[in-house]
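I opened the model to look up its charged pairs and the pairing of some of its strands. My notes follow in the order I checked things.

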Amino acid sequence: GAQTDTVHYKKWGVEAELVQSFIPTVQISRIQVTRALSGNDSKLKSDLIIGAYFRPNVNHDVVEKINEYMLAIGYRQFLWKGLHVEGKSNMGYAWGTKNLIDGKDYNTPTWFWEANVGYKFYLKKGNKVSLYLNPQFGALGKVVADIGPRGGKPDNFIHGNFFVGLNF
């Protein structure tokens with residue numbers, strides 16, 4: 001009923017990615033804020049996503065070290081209960097030191113698209129704050145970015161996200 005929807009679907013959320021920052025040569029940290037775009041009376045829920053993507057001084061497989069910082073904007077559409085699809089645009093700047101093929105340093109604006117499917121699982125539902133996990137699987141691809149020759153290594157990636165979040 002309406003009471004259950006109110007507990008499940010609050011206007012604001014904050015999420016942090018728990019896994020990617022610990023994977024060698026990835027080490028991407030993400031935090032994002034969500035804002036409900038549809039009300040509790042809506043059959044299909046949707047969220048606006050605004051976030052930040054940090055990759056500070058990480059050992060990399062194309063350059064010796066990469067620094068990458070982007071802001072993200074996206075849309076999440078719930079299809080059934082916690083099942084959702086989302087699309088995001090991540091834009092910012094990166095610099096890589098000592099490309100492993102040509103030895104040069106590179107500075108570049110960055111723009112990546114991202115598409116994910118996931119399921120939002122509530123661990124604790126409260127009237128004021130709810131705690132949830134949001135595992136996702138998807139793809140991330142380059143629109144603009146140049147850290148030099150890649151030696152056949154891809155610029156488009158299949159990836160997984162594992163967000164923990166709070167709704168309030």
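I count a residue as buried when its relative accessible area is under 20%, and as partly exposed from there up to 50%. With D155 at 19% relative accessibility, I therefore had to enter D155 as buried.

Confidence. This is a predicted model. I noted an average pLDDT of 93, with 95% of the residues scoring at least 70. Over residues 1–7 the pLDDT stays under 50, and for that stretch the model has eight contacts beyond four places in sequence.

Salt bridges. I looked up the total, and the count comes to nine. I then went through three of the pairs.

I started with E15 and R76, whose side chains meet in a salt bridge at 2.9 Å, N to O. E15 lies in strand β1 (residues 12–17) and R76 in strand β4 (residues 63–80), so this pair ties together parts that are 61 residues apart in sequence. I entered both E15 and R76 as buried.

R76 also forms a salt bridge with E86, and here the closest N and O atoms are 2.7 Å apart. I placed E86 in strand β5 (residues 83–99) and R76 in strand β4, ten residues apart. E86 has 5% relative accessibility, so I entered E86 as buried. R76 is at 0%, so R76 counts as buried too.

The third pair was D155 and K142, with a salt bridge of 3.0 Å, N to O. D155 is in the loop between β8 (130–144) and β9 (156–167), while K142 is in strand β8, so the pair ties together parts that are 13 residues apart in sequence. Is K142 buried or partly exposed? I found K142 partly exposed, with a relative accessible area of 32%.

I also traced shared partners: salt bridges join E15, R30, R76, E86, K88 and E114 into one network.

Strand β6. I next sorted the two faces of β6 (residues 106–119). In a regular strand the side chains alternate between the two faces of the sheet. On the covered face I listed Y106, T108, T110, F112, E114, N116 and G118. The uncovered face has N107, P109, W111, W113, A115, V117 and Y119.

Which strands pair with β6? I found β5 antiparallel to β6 over 14 bridges, and β8 joined to β6 by eight bridges, also antiparallel. In the first pairing, S89 has W113 of β6 as its bridge partner. In the second, W111 stands opposite V144 in β8.

Last, I checked the turn. β5 and β6 form a hairpin with six residues between them. G103 in that turn has a positive phi of about 75°.

Technical notes: Residues are numbered from 1 along each chain as its sequence is written. This is a predicted model: local features need pLDDT of at least 70, side-chain atom pairs count only at pLDDT 80 or more; totals for chains, interfaces and linings use all residues. Side-chain values use heavy atoms; hydrogens and water are left out. A salt bridge is a side-chain nitrogen of Lys or Arg within 4 Å of a carboxyl oxygen of Asp or Glu. Helices (H or I, at least four residues) and strands (E, at least two) are DSSP runs, numbered from the N terminus. Buried means under 20% relative accessible area, exposed over 50%, partly exposed in between (1.4 Å probe, protein chains only). pLDDT is the predictor's confidence in each residue, from 0 to 100. Contact means heavy atoms within 4.5 Å. Two strands pair if DSSP finds at least two bridges between them.
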